[in-house]
Amino acid sequence: MVRLRILMKRLANRAIGANPEPEQCFSPPSAPRARAARNLVLQWHITDRCNLRCKHCYQEGYSGEEMGLDGLMQVHAQFRELMAAEQQRTGRKVRGHLNITGGEPFIRKDFLELLTRIRRHRNPLTFAILSNGTFIDRGIAKELKQLNASFVQVSVEGTRSTHDSIRGTGSHERTAAALKHLAQEKVPTLISFTAHRANFREFPEVARFGRELDAKRVWADRLVPQGHGTDLTDLVLTRDETQELFLLMAQARGSKLRQRFARTEISMARALQFLEGGGRPYQCAAGDTLITIQPNGDLYPCRRMPIVTGNVRETPLVELYQRSGLFQALRNRGRISEGCGSCFFSGLCRGGLRCLSYAVTGDPFTADPGCRLAIVRGTGNIVFDDKAGKRGDRVLALEQHK
């Protein structure tokens with residue numbers, strides 16, 4: 001017990017003073033200064049269509065209703081209205097950002113026109129693109145530079161053979177070509193890595209690949225079995241494998257001196273990664289500083305937590321965001337996830353990767369399955385029953401979160 005307390009204090013000391021990630025799902029500090037700006041990120045899925053069929057894809061299908069340009073610009077206007085409403089409600093400046101994705105966004109022939117319209121606004125929002133990279137040639141890279149894209153993110157799943165086995169033959173080569181085109185035009189690039197039991201030990205290879213292609217950042221998160229990948233629960237990392245992944249990431253990142261002078265950041269700012277990488281504990285931003293809108297207008301807290309809380313074509317986004325019982329529960333800083341009550345970091349970490357908890361147990365307010373510090377009912381471990389723990393076997397009633 002004494003050793004555990006010493007470990008907790010060391011980890012807490014390492015957590016003080018770190019900077020949170022500003023992009024995608026990364027959340028702001030848990031206790032911002034009174035006058036600090038508030039970030040609000042919209043992960044905006046403009047199509048379900050895609051030219052790839054990745055084995056772990058969180059989409060349920062690859063077709064469906066999607067809005068035209070005018071409809072998309074109405075969503076853009078609603079997001080701005082939400083920013084203004086939140087600024088008025090909190091008394092803090094709100095910085096809005098769009099992460100635009102699909103499916104594959106470049107499969108839409110009007111995608112560049114959408115980006116152009118966003119940039120023409122008198123006070124344009126920053127935006128980034130989450131893509132598989134297969135449509136990005138030198139000409140597209142030039143246009144993205146002119147449009148001032150904050151970054152383009154692509155996924156790399158491991159070595160060439162592993163990547164192609166997941167995303168399709170030849171996709172690794174096309175992703176590498178896209179990264180080279182973007183680097184030539186000086187468009188910042190991010191590489192994301194989805195870690196599961198069949199590939200997590202290949203993260204060092206992905207980090208090396210990112211450095212070779214001058215990526216701005218390489219980061220990793222764990223597989224969440226949703227959509228097309230619902231049946232991949234056997235590939236979810238165990239607690240020991242989760243710890244091993246984080247150690248591999250820390251080794252790939254290297255010393256503080258190397259981090260300071262490296263052109264490519266090996267980021268460790270996702271759920272639980274502070275346990276091995278130091279820094280401020282990640283907090284799930286779903287329903288708080290991160291929201292997701294689907295091609296048909298459905299609103300989710302996060303794409304990997306696919307709980308429909310309404311549709312922005314039927315109900316204003318401001319009303320959905322402020323009145324949703326689920327969103328209010330996710331924003332409740334005092335709510336401690338089951339299994340986290342006795343943890344020193346419970347108020348900072350707040351349950352780890354909530355979308356993974358939801359996928360595995362059906363409840364986003366249960367402790368992260370990969371956390372070695374979580375305790376449930378005095379057992380000392382989180383234990384999930386394979387039959388009772390699947391998402392489909394538990395109904396999440398939104399009323400219970402009000």
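The following dialogue works through how to read several features of a predicted protein model.

User: What should be settled before reading this model, and how many helices and strands are there in the protein?

Analyst: The model is predicted, with local features needing pLDDT of at least 70, side-chain atom pairs counting only at pLDDT 80 or more, and totals for chains, interfaces and linings using all residues. Residues are numbered from 1 along each chain as its sequence is written, and side-chain values use heavy atoms, with hydrogens and water left out. The protein has 14 helices and 9 strands, where helices (H or I, at least four residues) and strands (E, at least two) are DSSP runs numbered from the N terminus.

User: What is the mean pLDDT of the protein, and over which residues does pLDDT stay under 50?

Analyst: Where pLDDT is low, the predicted coordinates should not be read in detail. pLDDT is the predictor's confidence in each residue, from 0 to 100; here its mean is 87, and 85% of the residues reach 70 or more. Over residues 1–7 the pLDDT is below 50, and that stretch has 0 contacts in the model beyond near neighbours in sequence, a contact meaning heavy atoms within 4.5 Å. Residues 377–402 also have pLDDT under 50, although for them the model has 48 contacts beyond four places in sequence.

User: In what order do the strands form the sheet, and which strands stand at the edges?

Analyst: In a regular strand the side chains alternate between the two faces of the sheet. Two strands are taken to pair if DSSP finds at least two bridges between them, and in this model 9 strands form an open sheet of mixed pairing, in the order β7-β6-β5-β4-β3-β2-β1-β8-β9. The edges are held by β7 (265–266) and β9 (299–300), each with a single partner strand, so one side of each is left without a neighbour in the sheet. At the β9 edge, β8 (residues 290–293) and β9 pair in the antiparallel sense over 2 bridges, and Thr-292 has Tyr-300 of β9 as its bridge partner.

User: How many bridges join β4 to β5, and how many residues of β5 are buried?

Analyst: β4 and β5 run parallel and are joined by 4 bridges, with Leu-190 of β5 as the bridge partner of Gln-153. On to β6, which also runs parallel to β5, there are 6 bridges, and Ser-192 has Trp-219 of β6 as its partner. β5 is mostly covered, since 6 of its 7 residues are buried; buried means under 20% relative accessible area, exposed over 50%, and partly exposed in between (1.4 Å probe, protein chains only). For the protein of 402 residues, 57% count as buried.

User: How do α5 and α6 pack, and at what angle?

Analyst: Two packed helices are described by the angle between their axes and the distance between the axes. The axes are lines fitted to C-alpha atoms, for helices over the stretch in contact, and angles run from 0 to 180 degrees between N-to-C directions. Helix α5 (residues 160–167) packs with α6 at an angle of about 105°, the axes being 8 Å apart, which makes α5 roughly perpendicular to α6 (angles under 35 degrees count as roughly parallel, over 145 as roughly antiparallel, 65 to 115 as roughly perpendicular and the rest as oblique). The contact is made by Arg-160, His-163, Asp-164 and Arg-167 of α5 with Ser-171, His-172, Glu-173 and Thr-175 of α6.

User: How many residues of helix α14 are buried, and what do the buried residues pack against?

Analyst: 8 of the 8 residues of α14 (residues 354–361) are buried, so the helix is largely enclosed by the rest of the structure. Its buried residues, among them Leu-356, Tyr-358 and Val-360, pack against β6 (217–222) and α12 (325–331). After α14 comes Gly-362, whose phi is positive, near 90°.

User: Cys-355 is one of the buried residues of α14; how far away is the nearest cysteine sulfur?

Analyst: A disulfide is a covalent bond between the sulfur atoms of two cysteines. With the criterion of a pair of cysteine sulfur atoms within 2.5 Å, the count comes to 0 disulfides. Cys-355 is in no disulfide, the nearest cysteine sulfur being that of Cys-302, 5.1 Å away, and Cys-355 is buried with a relative accessible area of 5%.
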